[in-house]
Amino acid sequence: MAGNPIVARSLDEIKFWSRIMKEHALFLSLGFTYEQKQLIEEAQGYIALFERIEEKLSRFTLDSDLRQVQAFNSEVYQAAASIYGYKRKVLDLTLSCKIITNNFPLLVDHISREAAYFANRLQELNAGKLAPTPDKVIEENVFFLKIMADHAKFIGHLLDPSERKLVDQAREFSHDFDQLLFQAVDLEYMRPQSETKPILSHFLNQNKVSVASLRDFKKTARELIEACRIKSNIHPLLADHTFREAERFLEIIDLFETNLSGR
Ligand SMILES: [Fe+2]
Ligand SMILES: [Fe+2]
């Protein structure tokens, strides 16, 4: 007998996003210069914080008590909200030119959006909302399409300029996802109702095809980076990280498709 779906979904979101948050803190810490010690220490504090959360998570099971999971969700929410604040602080310092780091402002903004998404998911789960509801399909796609478009841009900019072919490919993905993002925004303005399911399912299908191909590109890039066969400023863990986020988007699209088809 399966336990409460809110318990299962909460544990799944925390498992995926806590690791992501921990890695963001690592990437931030590696991007600072040697004199930015305070900011490095703060980043390291977040690595430890999310490691403790992962450790706690390992003690929960699908049969865990809903109230205990809800309390854990609130605790993790605090951590996600806190790392969000830290990321926004780093972004403000960067945008006001008070610090120069090796992380692009768009990347710092990007990881703050992911923290906000995580915090929001936890709040929704505690409000009893399971997966993002079908009427939120477009909004959720707007979020993830921008995430994917940003990834393509990061990869393109962090590859060595002499890796011309890969840089071109990354640029094509960037363009492709910018178009999909605009298309999603167009649809968001149209606010399709439930009778327009065919429009939504075609929209999801298009996204799926592009995300799958970006996911494969990231996988190839990750393998090349791990084997030291290409020149770049990309940490192998960053390559894997963006790969996992593409996989997550594909899973979410599948979830939406199931919801749309009325299960
Ligand atoms: Fe991320
Ligand atoms: Fe990301």
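Helix axes are taken here as lines fitted to C-alpha atoms, for helices over the stretch in contact, and angles run from 0 to 180 degrees between N-to-C directions. The structure is a predicted model, in which local features need pLDDT of at least 70 and side-chain atom pairs count only at pLDDT 80 or more, whereas totals for chains, interfaces and linings use all residues. Residues are numbered from 1 along each chain as its sequence is written, chains are lettered from A and ligands numbered from 1 in the order in which they are written, and side-chain values use heavy atoms, with hydrogens and water left out.

Two helix pairs were examined for their packing. Helices (H or I, at least four residues) are DSSP runs, numbered from the N terminus. H1 packs against helix H3 (residues 66-95) at an angle of about 25 degrees, and the two axes are 11 Å apart. Because angles under 35 degrees count as roughly parallel, over 145 as roughly antiparallel, 65 to 115 as roughly perpendicular and the rest as oblique, H1 and H3 are roughly parallel to each other. The crossing of H1 and H3 is left-handed, a term that applies if the near helix is turned anticlockwise from the far one by less than a right angle, right-handed being the term if clockwise. For helix H5 (residues 137-158) and helix H6 (residues 164-190), the packing angle is about 160 degrees and the axes lie 8 Å apart. H5 and H6 are therefore roughly antiparallel to each other, and their crossing is left-handed.

The model contains an iron ion (ligand 1) and an iron ion (ligand 2) that are 3.1 Å apart, with Glu114 coordinating both. Donors are N, O and S atoms within 2.8 Å of the metal (3.2 Å for Na, K and Ca); water is not among the atoms, so sites may look incomplete. The iron ion (ligand 1) has as protein donors His24 (NE2), Glu114 (OE), His241 (NE2) and Glu245 (OE), at 2.1 to 2.2 Å. The spacing of these donor residues in sequence is H-x89-E-x126-H-x3-E. The four donor atoms of the iron ion (ligand 1) subtend angles of 83 to 163 degrees, and the site is irregular. In this classification, four donors count as tetrahedral if all angles lie between 85 and 135 degrees; four count as square planar and six as octahedral if opposite donors are over 155 degrees apart and all others between 65 and 115; anything else is irregular.

Distant parts of the chain are linked at the iron ion (ligand 1): His24 belongs to helix H1 and Glu245 to helix H8, 221 residues apart. Both His24 and Glu245 are buried, where buried means under 20% relative accessible area, exposed over 50% and partly exposed in between (1.4 Å probe, protein chains only).

For the iron ion (ligand 2), the protein donors are His110 (NE2), Glu114 (OE), His151 (NE2) and Glu245 (OE), which lie 2.0 to 2.2 Å from the ion. Their sequence spacing is H-x3-E-x36-H-x93-E. The site of the iron ion (ligand 2) is likewise irregular, with angles of 82 to 159 degrees among its four donor atoms. His110 lies in helix H4 (residues 105-126) and His151 in helix H5, so the pair ties together parts that are 41 residues apart in sequence. His110 and His151 are both buried.

Salt bridges were assigned where a side-chain nitrogen of Lys or Arg lies within 4 Å of a carboxyl oxygen of Asp or Glu, and the count by this rule is 30. Arg9 pairs in this way with Glu13, with the closest N and O atoms 3.3 Å apart. Both residues lie in helix H1 (residues 5-31), four residues apart, about one turn of the helix, and both Arg9 and Glu13 are buried. A salt bridge also joins Glu54 and Lys22 (2.9 Å, N to O). This pair links distant parts of the chain, with Glu54 in helix H2 (residues 37-57) and Lys22 in helix H1, 32 residues apart. Glu54 is partly exposed, at 23% relative accessibility, while Lys22, at 19%, is buried.

Asp254 and Lys208 form a further salt bridge (3.2 Å, N to O). Asp254 lies in helix H8 (residues 236-260) and Lys208 in helix H7 (residues 197-226), so this bridge ties together parts that are 46 residues apart in sequence. Asp254 is partly exposed at 39% relative accessibility, and Lys208 is partly exposed at 26%. Through shared partners, salt bridges join Arg9, Asp12, Glu13, Arg121, Glu124, Lys136, Arg248 and Glu251 into one network.
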